[in-house]
Amino acid sequence: MQAVMSAIALDLGSTAIKAGLLLQDGTLGGVVARASPEVVVDGGRYESDAMAYAEAAEAVLSECLAQTTARPPFGLCSQRSSFLIWERTGGRPVTPLISWQDDRGKESCGALRGKESVIRDLTGLPLAAYYLAPKLSVLLRTHPSWRERLSSGEWLLGTLDTFLIWRWTGGRHHLTDASMAARTLLMDIYSQQWSPVLCGLFDVPRRVLPEIRPSAGWALPLENGLILQ
């Protein structure tokens with residue numbers, strides 16, 4: 001018997017991908033879960049298969065949707081600082097999913113210690129390799145051609161939520177929300193937009209970053225019939 005849902009929520013964790021069904025009476029109708037792809041550790045690198053992650057998330061979501069004839073509002077919660085680069089044409093990942101645990105941004109953090117107070121004032125966060133900006137800064141410096149491909153729009157960059165939204169809208173939307181952008185060390189928490197100062201410090205072109213939207217009220221149709229709220 002199919003449940004009558006009022007909402008569905010998807011949690012994209014480092015160890016598990018879970019979808020919860022919220023029924024019209026406010027009770028939890030059930031949870032569908034699947035293990036996240038293995039995170040491969042190599043020294044300070046923590047990486048997983050980005051496409052395998054996307055496919056697992058889509059399988060969990062499909063299993064939830066099979067339990068209802070409705071297409072209710074949809075909410076998405078994602079591990080904050082894991083990110084990847086992918087090709088605009090075809091959507092093939094260029095990099096693995098680089099985990100928030102990855103510490104290859106330590107070099108960038110060391111070079112910016114003199115600017116730590118500026119970074120903290122604009123972001124509310126400490127300067128740490130945990131976040132996207134230091135890791136991305138090192139990647140772009142190590143691979144100069146990547147900057148060109150991102151700047152030209154040939155490649156796209158984003159946290160896991162951005163990648164999945166892009167896939168689930170047929171490549172029409174390159175977006176993230178303010179709560180995700182706030183964990184990159186690149187967003188000014190006062191304007192809730194990408195900061196020219198922070199992008200300059202980390203040497204990250206603003207034009208390669210996704211559009212920031214508020215954390216609610218998107219009403220964004222997805223190709224599976226759900227409406228991302």
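Guide: Welcome! Strands here are DSSP runs of E with at least two residues, helices are runs of H or I with at least four, and both are numbered from the N terminus. The model is predicted, so local features need pLDDT of at least 70 and side-chain atom pairs count only at pLDDT 80 or more, while totals for chains, interfaces and linings use all residues. Residues are numbered from 1 along each chain as its sequence is written, and side-chain values use heavy atoms, with hydrogens and water left out.

Visitor: How many helices and strands does the chain have?

Guide: The fold combines both kinds of element. The count for the chain is eight helices and 15 strands.

Visitor: What is the radius of gyration of the chain?

Guide: The globule rule (2.2 Å times the number of residues to the power 0.38) gives 17 Å for 229 residues. The chain comes close to this, so it is as compact as a globular protein of that length. Taken over C-alpha atoms, its radius of gyration is 18 Å.

Visitor: Is Ser48 buried or exposed?

Guide: Ser48 sits in strand β5, residues 45–48. Leaving aside residues up to four places away in sequence, Ser48 touches Pro37, Glu38, Val39, Pro96 and Leu97, where contact means heavy atoms within 4.5 Å. Its relative accessible area is 9%; the classes are buried under 20%, exposed over 50% and partly exposed in between, with a 1.4 Å probe and protein chains only. Ser48 is therefore buried.

Visitor: How many residues of helix α6 are buried?

Guide: Helix α6 spans residues 160–168 and is largely enclosed by the rest of the structure. Its buried residues are Leu160, Asp161, Thr162, Phe163, Leu164, Ile165, Trp166 and Trp168. Of the nine residues in α6, the number buried is eight.

Visitor: Which residue with a positive phi follows α6?

Guide: Look just past the helix. There, with phi near 65°, comes Gly170.

Visitor: At what angle do helix α4 and helix α5 pack?

Guide: Helix α4 covers residues 132–142 and helix α5 covers residues 144–152, with their axes 4 Å apart. Axes are lines fitted to C-alpha atoms over the stretch in contact, and angles run from 0 to 180 degrees between N-to-C directions. The two helices are therefore roughly perpendicular, a class of 65 to 115 degrees, beside roughly parallel under 35, roughly antiparallel over 145 and oblique for the rest. The packing angle is about 105°.

Visitor: Which residues of α5 make the contact with α4?

Guide: From α4 come Leu139, Leu140, Arg141 and Thr142. Facing them from α5 are Pro144, Trp146, Arg147 and Leu150.
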